[in-house]
Amino acid sequence: MKKAGAKKSLGFLLAAVFCWFAIGPAGAQQKDWEKDWSQTLAAAKKEGSVVVVGSPDPVMRGEIIPKFQARYGIPVEFLAGRSSEVAARLRTERAAGIYAVDVFLSGPDTTATVFYPEKMLDPLKPLLVLPEVVDGSKWKRGKPWFVDPEEKFVLRPFSSVASLFFINTDFVKPDEIKSIKDLLNPKWKGKISTEDPTTTGAGANLAARLHHEFGPDFIRKLYLEQKPVSTRERRQFTDWLARGTQPICLNCREDDVRPLEKEGYKLLEIFGLSDIAPATNGSPWLMSLANRPPHPNAAKVFVNWMASKEGIELYARGYGSATLRTDIDHSFLNPGNVPKPGVKYFDDTEWSWIVTGRHDNREMAWKLMKSR
Amino acid sequence: MTTALAAAAPSAVRLRRVRLAEYGALVFFGVAMGLPVVFLLLSSFNIAPPSKEAVFGLDNWSRAFSDTGTLSALWMSFLLSITYLIPGMILSVVMAWLIARTDMPGGNLVEFLCWFAYFVPDFPLVLAWILLLDPNFGFLNAAVSALPFAPAPRFNPYSFWGIVWVHLSTGGVWFKVMLLTPILRRVGATLEEAARVAGANHFTVLRRISLPVILPAILAVAALSFIRGLESFNTELLLGTPVGIYVYATRIYDYTRHEPSAYGEATALGSVFLVVLASLAYFYQRRLRGKKFTVVTGQGYSTLKVKLGRWRYLALGGCLSYIAVMMLLPLAFLMLGSVMRRYGFFHISAPFTLVHWRNLFGDAIFFLALKNSLVIAAITGVAAVALYSTVGYFLACKKLRTAPLLEMLTWMPWVVPGILMSLGLLWMFLATPLRSVLYGSVWGIALALTIKESPVCTQAFKAAFLQLGPDLEEAARVSGASWIYTYRRILVPLVAPVAATVGLISFGNALTSISTPVLLYSARSRPLAILLMEYSFSGEVERAAALGLLITAIVSVMMLIGRKFVRPLTGNL
């Protein structure tokens, strides 16, 4: 009986030791994290603000900034501008020894071709500390996805299936375009609109991909012989699509088209065709941390919140993008915009494609277009 | 001999002061206007990748000019600028003459409407013209096609002539009327009356008397408009791109938004404006050499207006009809646009809403941006009048040794497009000890905008001072007045209408300019124009229309206030 009691005591002791080893450090870790976070928050409030640079964006202005300020009491100073303008400004400031920006929420091209190669960034990865942000199970790829070659500078929180083009089904029946080559049907001559493909932007990016996959002859036929109507103004081609003036729109944006669909316009988003795979992209932005940030603690709070469920979901709902987090219900999106397992996608935000592939193909496409 | 020496002494002192002021102005303009341009020109020869050690060469220049589209775009720009400059000048001279020199009723109203029209933002106005003229859904095309003798479509904004038409509506006439009217007001009636006594009719008086005496102003306004025409690209982007009409400024714009950016190539292309400006300056000087344009002297001055008789109502009708068609019609669509759920979509359910106005006033940064804009615009307006009235005086009084250089420097801010000038100024601000005051502040933005307005303001004041006779100053001096006193109490009141015009143009442009503050603002100094850019960029056209209208309303109120203050200063002039 005594032996049994001793065994039982030994069992309890072993269990206690096991628990100490198994849970103790985790509990200590949790306390460490909490301590670090509360210290960061206190320091962030002392810093007074966080400076974020990004594209002009109603979601940022109307939802992200007020929500973040309400939650942490830290004002967000948001500088909006075109990427090329922001890059020029930063270069000039830095040449004068001014480091005024904390966080970039920028497009893939500027991030990959300016901020990263010009060493304007600090590693973002070590700053992510919130458990819900670093917990791999919360991310579809098993961890936060850092897309830069060193996998620590540039976080990609979104991956949506991007539209290949839109059609107005009052004028174009879906079965009339089963392959990308159907766009070359003389019936559609002058009926296709595109963002001006001869300058940097979505129009040129699509032309680069088409050049990459179908070659120069296809580019010549589509962009020269089919006489697509081009513009730089996104509302213009969306209106043309709705009115049927140009019922095929190569670069209409989903967030521009959605309100017109709600008004009853029969607009259909085409993601992929028999001869071209659907594409994914990281819109609306990639997140990175500016080096020598003037408000390092506020920046740490901002990037953690921005990568959390609350921050990403707010942006995803406002912008209409699919996220890479597993704890966000994507039912607010068109199902076609959410990548499906097992489907092979062309990744338009893939690093090497941005840095070399897209650039080279774009240049070749431009050469062809200007040869007319 | 002693008397002569005594008289010469103050004159020598005055001359020394003029020289001092001259060199001070040269240094200021050299630094503020020349330096950013020199920085940009030097940078354009740097062919090293960004953030690498500088390597100098001609690659950016050869790349920019070897582009196949560059020359054709330049030709198109010249063609467009000239095409809408000619009718624009004729219309604006006639309109300004009718307002300033005749007894046409409602002249003040016509002038006010021109001011109002000038400050309506381009972008939503061009969209309004598309709604009116589009071959497929334009309202005017639909209306005309209902007529039995007019097969549709009759109008097409996506064409060369469509662009010309829209330019005449957005700024081709209003800007010129604004600048010419106060100059014409200064033309006394004495010469005109003498001509009429000699048997000349109204048209002959206008052609042989009124216009020749304001030739410096006409040439300056034509040159300013021509350069503005060459630099214009917003209208061309919306109306030209769909039909393959590209202009030179679009090429420059494309280089500035290249990724990675190609500011070197953009500056290289911008250098063409320098050549154009130098040519215009040469032509201007040559045309005016040896001529006098004095109309305000110390001897008698009549402000009697030309009597149009029964033509006066016809003249008013003509002016109002032009304004109604070219401004009020698209403006009505613009106003509608600001209260529509989607601009131009009249057939959707419940198309009208006030939500865009509510969202505008509900934007968390709206009131801060409004305050910033008003502060920036007020500083710019006052600074422009103070600075350029002095420079204009110096250039007109012909006592300067370095007048051509100073005048060339005042044109510099228009040599490069706004975004490049903004970059040059950012560089300059950061390189000066004043950077803590100028960088990211409303002061820095106001200074940049004051600099950017230099060509318009200088030329307007110069033309005004050329009208004043030297006897006014001499009489004051003989009576013992100092130069400052003479300048403040005699010269400035005489050019007060021009000063008011310059102040209001600077105020209004400071409210609407986007490209100049875009690299200079911080979150705390963000002006309304940047907010307008953000709305346009993110496709919020309706809210942009609402904000554009609000800005126009602010300028209009300022204009009414300005007129109230200027009138007592100038009497009935």
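Is Ala350(B) exposed or buried, judged by its C-beta neighbours inside 10 Å? Ala350(B) counts as exposed because it has 6 such neighbours; the term applies when 12 or fewer other C-beta atoms, placed from the backbone, lie within 10 Å of a residue's own, whereas 20 or more make a residue buried and the range in between is partly exposed.

The model is predicted, so that local features need pLDDT of at least 70 and side-chain atom pairs count only at pLDDT 80 or more, while totals for chains, interfaces and linings use all residues. Residues are numbered from 1 along each chain as its sequence is written, and chains are lettered from A and ligands numbered from 1 in the order in which they are written.

**Backbone features in loops**

Helices (H or I, at least four residues) and strands (E, at least two) are DSSP runs numbered from the N terminus. Two residues other than glycine have a positive phi, as the table shows.

| Residue | Phi | Loop |
|---|---|---|
| Lys227(A) | near 45 degrees | between helix H6 (202–225) and E8 of chain A |
| Ala350(B) | about 40 degrees | between helix H15 (311–338) and helix H16 (355–362) of chain B |

Lys227(A) counts as partly exposed, because 14 C-beta neighbours lie inside 10 Å. Chain A also holds a cis peptide bond between Ser283(A) and Pro284(A), with omega about 10 degrees. Pro284(A) belongs to the loop that links strand E11 (279–281) to strand E12 (286–290) of chain A.

**Where the chains meet**

In chain A, 46 residues are in contact with 41 residues of chain B, contact being C-beta atoms, placed from the backbone, within 7 Å. Elements giving two or more residues to the chain A side include helix H2 (58–72), strand E2 (76–80) and helix H3 (83–95). H3(A) gives the most, with 9 residues. By class, the chain A side has 14 nonpolar, 12 polar and 20 charged residues. Here Ala, Val, Leu, Ile, Met, Phe, Trp, Tyr, Cys and Pro are nonpolar, Asp, Glu, Lys and Arg charged, and the others, Gly among them, polar.

**A helix pair in chain B**

The axes of helix H17 (residues 366–397) and helix H21 (residues 442–452) of chain B come within 8 Å and cross at roughly 45 degrees. H17(B) is therefore oblique to H21(B), oblique being what remains outside under 35, over 145 and 65 to 115 degrees. Residues in this contact include Ile376(B) and Ala383(B) of H17(B), and Ile445(B) and Leu449(B) of H21(B). The contact has 10 nonpolar, 3 polar and no charged residues.

How values were computed
Two residues are in contact if their C-beta atoms, placed from the backbone, lie within 7 Å. Axes are lines fitted to C-alpha atoms, for helices over the stretch in contact, and angles run from 0 to 180 degrees between N-to-C directions.
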